[in-house]
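Trainee: I'd like to practise turning computed values into words. May I ask why each label is used?

Mentor: Gladly, let's look at the model together.

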Amino acid sequence: MATTTTDTAQTSPDGQSSPGNRPSDRLTHDDYRELLKQLYLARYFDVRLIKEKKRGRLRGTLYSSHNQEAILVGSLYGLEPMDWISPIHRDMPAFFLKDFRSGWDNPDRMGMTIEEVCSQVWGKATSPGRARDNWSHIGSKSKRIIHSTSMLAGTIPAAAGVVLADRLNGLNTVAVTYNGEGSTAQGVFHEAINFAAVEKLPVVTIIENNQWAYGTPTHYEYPLEDFARRADGYGIPGLVADGQDVIDVYNKVMQAVEHARSGNGPSIVECKTFRAYGHGDHDDDRAEKYRPAEEVEKGRKRDPLHVMKTRMIEMGILTQEEADKHPAEGKGASEVTDADFPAEVSEYLSRGVNFAVKAPLPDETEGAMWVFKEGE
Ligand SMILES: Cc1ncc(C[n+]2csc(CCOP(=O)(O)OP(=O)(O)O)c2C)c(N)n1
Ligand SMILES: [Mg+2]
């Protein structure tokens, strides 16, 4: 099965990646500006949470998506509102970025509001989880977001199930599932993809290959270079995207989505990236010891904001002066300030944060709610 890391090679399941016929060729300049803004927002969300956590204002574990934002933004941008997603622990921004194209403040948007997501992080009564569980352990049936769980790869069978149900109900939807490369060693990963391949279910499995699964590097996880080769065993397409390049991610995921929506079944899209921090914030200090500093520096170098800005300058969509106005790229959470981000981005998130901070805590009498069956 052919795989590629470039934008120009012919690799798609149906030949759509040839230059001039790529999904991104249909994007307008406004789409590019919107994608850049969404990258800024995902980054701002991450650095703001890191800062709040360091100030002792948050409980729970923070699984940073720093440096991996292009995977979320690029994969979500081309989906239809009724499509399903299943984010994992590292994909917190996906909960509000889903269907962002319908308008950040559109009340009919098929994604969570920024207030809901911030409430979840702050553990408030206004959150979907009502302070019961870790940040990413949320979902929304009505918004078609499969509840994130701790069981790695456990959402792939759920994704196969919901699109099978949609198919039986006459709906042509696609489910996009997110998984770390480490989770591809789970038995359920293979069982679910095999089932989806046999039934030709419209499931797109994204592998966020950030080179590490907790403290385990990829060469201890898998003998081959490309995790997309996992697809070979099931006779389905396995694509490789540059996970730092939002446009390459968009192209590869859209090829897989169009393949799925046309009734051709599942695909795997591996997005190559690098985990900027520790596994979670509890692991930051340890990660500094088990990962060589040069590797981290190299891995962070291709910042998705920088890659997108360079692309837009080359295409004449952005001037150098505009690109330099908000220089968040290449900076860690301790180095950035609000001035490094467009005001509309920091204001949007601040609205969610302020809402969550003021929101009430759940009442202690709620503790046993939803644990036992009502009346027993
Ligand atoms: C089935 C299962 N095994 C182990 C764990 C513990 N665990 C949580 S995250 C993680 C590492 C995941 O690595 P990867 O899939 O590459 O995702 P990343 O955190 O790098 O984004 C492990 C081992 C788990 N949650 N579920
Ligand atoms: Mg990983």
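**Helix pairs and labelled residues**

Mentor: Helix 1 and helix 11 make a left-handed crossing (left-handed if the near helix is turned anticlockwise from the far one by less than a right angle, right-handed if clockwise). Residues are numbered from 1 along each chain as its sequence is written, with chains lettered from A and ligands numbered from 1 in the order in which they are written. This is a predicted model, in which local features need pLDDT of at least 70 and side-chain atom pairs count only at pLDDT 80 or more, while totals for chains, interfaces and linings use all residues.

Trainee: At what angle do helix 1 and helix 11 pack, and how far apart are their axes?

Mentor: Helix 1 (residues 29-54) and helix 11 (residues 304-314) pack at about 165 degrees, with axes 10 Å apart (axes are lines fitted to C-alpha atoms, for helices over the stretch in contact, and angles run from 0 to 180 degrees between N-to-C directions). That angle makes helix 1 roughly antiparallel to helix 11 (under 35 degrees is roughly parallel, over 145 roughly antiparallel, 65 to 115 roughly perpendicular and the rest oblique).

Trainee: Which residues of helix 1 and helix 11 meet?

Mentor: Tyr32, Leu35, Leu36, Leu39, Tyr40 and Arg43 of helix 1 meet Pro304, Leu305, Met308 and Met312 of helix 11 (in contact if C-beta atoms, placed from the backbone, lie within 7 Å). By class, this contact of helix 1 with helix 11 has nine nonpolar, no polar and one charged residues (Ala, Val, Leu, Ile, Met, Phe, Trp, Tyr, Cys and Pro count as nonpolar, Asp, Glu, Lys and Arg as charged, and the others, Gly among them, as polar).

Trainee: And at roughly what angle do helix 1 and helix 2 cross?

Mentor: Roughly 135 degrees, and their axes come within 9 Å. Helix 1 and helix 2 are therefore oblique to each other. The crossing of helix 1 past helix 2 is right-handed. Leu35, Gln38, Leu39, Ala42 and Arg43 of helix 1 meet Glu69, Ala70, Leu72 and Val73 of helix 2. That contact of helix 1 with helix 2 has six nonpolar, one polar and two charged residues.

Trainee: Why is helix 2 called largely enclosed by the rest of the structure?

Mentor: Eight of the eight residues of helix 2 (residues 69-76) are buried, so the label fits (buried means 20 or more other C-beta atoms within 10 Å of its own, exposed 12 or fewer, partly exposed in between, with C-beta atoms placed from the backbone). Glu69 is one of the buried residues, and Leu76 is another.

Trainee: How do you know that Tyr250 is buried?

Mentor: Tyr250 has 25 other C-beta atoms within 10 Å, so it counts as buried. This residue lies in helix 8 (residues 246-264). Its C-alpha is 8.0 Å from that of Leu76, although the two are 174 residues apart in sequence. Leaving aside neighbours within four places in sequence, Tyr250 is in contact with Pro23, Ser24, Gly74, Tyr77 and Gly78.

Trainee: What makes Arg101 count as buried?

Mentor: Arg101 has 20 C-beta neighbours inside 10 Å, and therefore counts as buried. Arg101 sits in the loop between helix 3 (94-97) and helix 4. Gln38 is 63 residues from Arg101 in sequence and 9.9 Å from it in space, C-alpha to C-alpha.

Trainee: Is Lys141 buried or exposed?

Mentor: Exposed, because Lys141 has 10 other C-beta atoms within 10 Å. Lys141 belongs to the loop between helix 4 and helix 5.

Trainee: Why is Arg130 called partly exposed?

Mentor: Arg130 has 18 other C-beta atoms within 10 Å, so partly exposed is the right label. Its phi is near 45 degrees, a positive value in a residue other than glycine.

Trainee: How do you know that Tyr214 is partly exposed?

Mentor: Tyr214 has 14 other C-beta atoms within 10 Å, so it too is partly exposed. Tyr214 is not a glycine, yet has a positive phi of about 55 degrees. The loop that holds Tyr214 runs between strand 4 (212-213) and strand 5 (216-217) (helices, H or I of at least four residues, and strands, E of at least two, are DSSP runs numbered from the N terminus).

Key. Two residues are in contact if their C-beta atoms, placed from the backbone, lie within 7 Å.
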